[in-house]
Every structure is written in structure tokens, then in C-alpha cells.
Amino acid sequence: MIDLRELRADPDRVRASQLARGEDPGLVDMVLSVDERHRAALSGFESARAEQKAFGKRVAAAKGEEKQALLAEVKGLSTRVKTLEAEADGAAQERDAAMRGLANIVIEGVPVGGEDDFVVLEEVGVPRDFAAEGFAPRDHLELGELLGAIDTVRGAKVSGARFYYLLGVGAQLEMALMALSQQITQDEGFVPVITPTLVRPETMAGAGFLDAHADEVYRLEADDLYLTGTSEVALAGLHADEIIDLSAGPLRYAATSTCYRREAGSYGKDTRGIFRVHQFTKTEMFVYARVEDALEEHANLLRIERRILDALELPYRIIDVAAGDLGGPAARKFDCEAWIPTQEAYRELTSTSNCTTFQARRLNIRERDPASSGTRAVATLNGTALTSTRPIIALLENHQQEDGSIYVPEALRPFLAGQEYLRPVGV
């Protein structure tokens, strides 16, 4: 949720943000209208309440007929107070519901537009020229089957489309990737965390995952719980309704968890292999910071993601995601996309978002305001260290050899018993 005071002070900035996202700027005026109605009703209620208290003193001092007359008047005033209070409460609820429809205010400089309007900030590494090497690259599923590493047929038999088994070196490779991400994030000072993967509705909504993309989330109706699609949700809820201490610097966490996504609306997209799946493992970084430190922390998360991708020896690019492709909580997002040879395209591997105070306001996460005696909302940021399936795809395709074996980057070898190559089954 954005800051209501900021909306009142500079509604044009919020309208511009809505337009940049391709969303309705008229919602700003709706919020302001309901807010004005709430403030008027609240002012009326407070005035009537003060009058009621004053009447109480007069009634206590009065006697006889005067007292009876005043009691009758107090009864009418009491009804008026209750009516005004109900009006104020109703307007506040209507305003807050409308406020939840407003996405976070995008940071200045974010590209305007939709999914295809990103800006490439940098390209790192050079994709291999397989034609010059004299062979056509196999895709990740064919390579995974040669290695005995990926089985989507049995995954679909057991659980349906977009499920899979990782077997043998496939399972080892996932564990190695998660171990590498945990090692690097701990080396960077992040506290390791194991999170719940089922959360209450207020946590899911507070993190911003029940707004425009609610259909992407699995819900257990009998228990009124949600399966998380990222440990960002549980990490965002970790300090809900708390006043946290950031005097010594940001709080940084890194959690590895199983993640679940319905992939609603993706019918026909990336149906081959394990690129777009319903279940995967991911190590997610999450930061609580002072507002003044948020931009620096965002840059730091991107640096760590680059460190991990560099360790995997993958060609990739960094993009500044356009406003219309941001999730509701994000004010800015950078994606790291690895080159996928058989698709001849860059595809997202990691992303990092600055959510400013949007999630913290919803979850009531505050710190002591260093400039006053009160409290204020903190900033939250998140960044993917690694997921399980997409880096496997990038590793298999970019590091494949003509015989179907896979070169193992040096950084992964300690987690794969020192192997320099993963060999096809029977070779």
C-alpha cells in the first residue's frame, strides 16, 4: 500500500505512475474522493463526540425537569454520534479497499510500457557459436534425458502437466545449485532461513500476491491457507506487526524453499521441458532497510545475483523491467536473463525488486524514526539467488558438448564430487 499522505500531497505523481504501468489513473481520484468523505465524516463525528461529552457534564449537574430535557437531547445526540462514526468507518474501509487497488509508485527512470519495453542495461559474456563448433545444440530436455536427469513423462503421469522428476545427476545438480546460492548469500552476510511454505491470507495479501495475480496462487480452501510461490512471502511476514531495529544496518535474510505456482494464463507457453513448471526450489534473498538505504540495497542484490551467474559461467544480460511488467509491490525491478541457445533468446533466471514501503505498510512493519520520536514504515527488497529449473536449463544448453556431456563450472564442482563433466547414461 502506498503512503496516503504522499498521495494527498502529490496525486499527479501517482497518476503518472498508474499511466506508466498501463493502469487506470482515475483510481487516484476515487481514493481522494473517498478520503475526503472519510475526513469530513470523521471531523463531524469528533465534533459530535465532544459535544456529547460536554452534555454529559451538564446532565450530571442538572436536576428535575431540566435534567429530563437534557437526557432527551442526549439520546438524540448519541444516535447522531453513532451514525457519524459508522459513516467514518465505512468511508475508511472503502478508501482502504480502493488504496489496495493502487500499485506501488514507480521510481523515476523506470521504462514506460509493457513486457517488451524493457531497457537492456548490460550484456555479459558471448553466446557460443555452435555452428562454428560443428554441431547443432540439443535442447535441455533431450540433454536431461541423455543424462538420466529429467523425466517429464512420469512427472505428468503422477501429477499432471508441468510436473517432472529430477533423477541422478539432475537431483544432484539442483542440490548443488541451492548449496552454491546458500554459500554465496551467507558469505554476503545474509542470515539463512527455512520458511513455512503455507501462509495465512493476511500474509499473502500483505506481501502483495492476492491482487492482480491471485489466480497464480494455490489455495487450500479447507484450511484457508496459501502455498507460496516464493519464500519472499513468508520472509515479508516474518516481522509483521513489529517495530524492528535497523540502527546497525539492514536485516538481510536468504531462504531456500519449495515453491508452487499455478501458471494460470500460460496455456501453450513453454510446454516442453522444465522451464515453466508448477513446483520448483528457490533460494530467495530478502532485505528490510531504511528508506534512505533502499537504492543501495537494490544495487547490492543485483551485484550478488551477478556474482552467482558469473560463477555459473553463463552469458546473460541485465534488463530494467518496464513499469507495465512490474508486479504491484515493485517500484523497480532488474532481471538477469541467461542466453538459451536452442531458443536463441535471453530468458529470465533471476530478478530483484525494490518494493519501497509498499509491503511494510500492509504488514505494519516499522522502525523508530531517527528524525522524530515516532515510527515509520521500512523498505523491503527481494532478489532471487537461484531457482532450480531455469539455471539447470541454462547450464545444460550452454555447457553441452557434442557427445552430450555437460561441462561443470568450477564453482559447482565442490558440490558435485569434483566432477568436471556430467556424462550421458552408459557412457
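Mentor: Let's start with a definition: a salt bridge is a side-chain nitrogen of Lys or Arg within 4 Å of a carboxyl oxygen of Asp or Glu. Keep in mind that this is a predicted model.

Trainee: How many salt bridges does that rule give here?

Mentor: Side chains of opposite charge can pair when their charged atoms come close. In this structure the count comes to 29 salt bridges.

Trainee: Which residues are linked in a network of salt bridges?

Mentor: R8, D35, R39, R95 and D96 are joined up that way. Take one pair from it: D35 and R8 meet through their side chains, at 2.8 Å from N to O. That pair ties together distant parts of the chain, with D35 in helix α3 (residues 26-61) and R8 in helix α1 (residues 4-9), 27 residues apart.

Trainee: Is D35 buried or exposed?

Mentor: Buried means under 20% relative accessible area. D35 has 2%, so D35 counts as buried. R8 has 32%, so R8 is partly exposed.

Trainee: What about the salt bridge between D3 and R5; what is its N to O distance?

Mentor: For D3 and R5 the value is 3.4 Å. D3 counts as buried because its relative accessibility is 14%, while R5, at 58%, counts as exposed.

Trainee: And which residue forms a salt bridge with D270?

Mentor: That's R276, where the closest N and O atoms are 2.9 Å apart. R276 has a relative accessible area of 18%, so R276 is buried.

Trainee: Now for empty space. What is the volume of the second largest pocket?

Mentor: Rolling a probe the size of a water molecule over the atoms shows where empty space is left. For the second largest pocket, the volume is about 470 Å³.

Trainee: Which residues lie nearest the centre of the second largest pocket?

Mentor: Of the 23 lining residues, E6, V291, T356, T357 and R361 lie nearest the centre. By type, the lining splits into twelve nonpolar, five polar and six charged residues.

Trainee: Which elements each supply at least two residues of that lining?

Mentor: Those are α1, α11 (294-311), α12 (358-363) and β15 (375-377). The largest share, three residues, comes from β15.

Trainee: One last feature, on the surface. Which residues form a nonpolar patch there?

Mentor: Look at V158, Y165 and L167, which together have about 260 Å² of accessible area. To find V158 in the viewer, go to helix α7 (residues 152-159).

Key
Residues numbered from 1 in each chain as written. Predicted model: local features only at pLDDT ≥ 70, side-chain atom pairs only at ≥ 80, totals over all residues. Heavy atoms only, no water. Patch = residues over 30% accessible without salt bridge, like charges linked within 9 Å, V, L, I, M, F, W, Y side chains within 5 Å. Areas by Shrake-Rupley, 256 points an atom, 1.4 Å probe, with all protein chains shown as cover. Helix = DSSP H or I, 4+ residues; strand = E, 2+ residues; numbered from the N terminus. Buried < 20%, exposed > 50% of the residue type's maximum accessible area, 1.4 Å probe, protein only. 1 Å grid on protein atoms, 1.4 Å probe; cavity = no way out; pocket = protein on both sides within 12 Å on 5 of 7 lines; lining within 4 Å. Points joined across faces, edges and corners; volume = space filled by probe spheres on them. Nonpolar A, V, L, I, M, F, W, Y, C, P; charged D, E, K, R; others polar.
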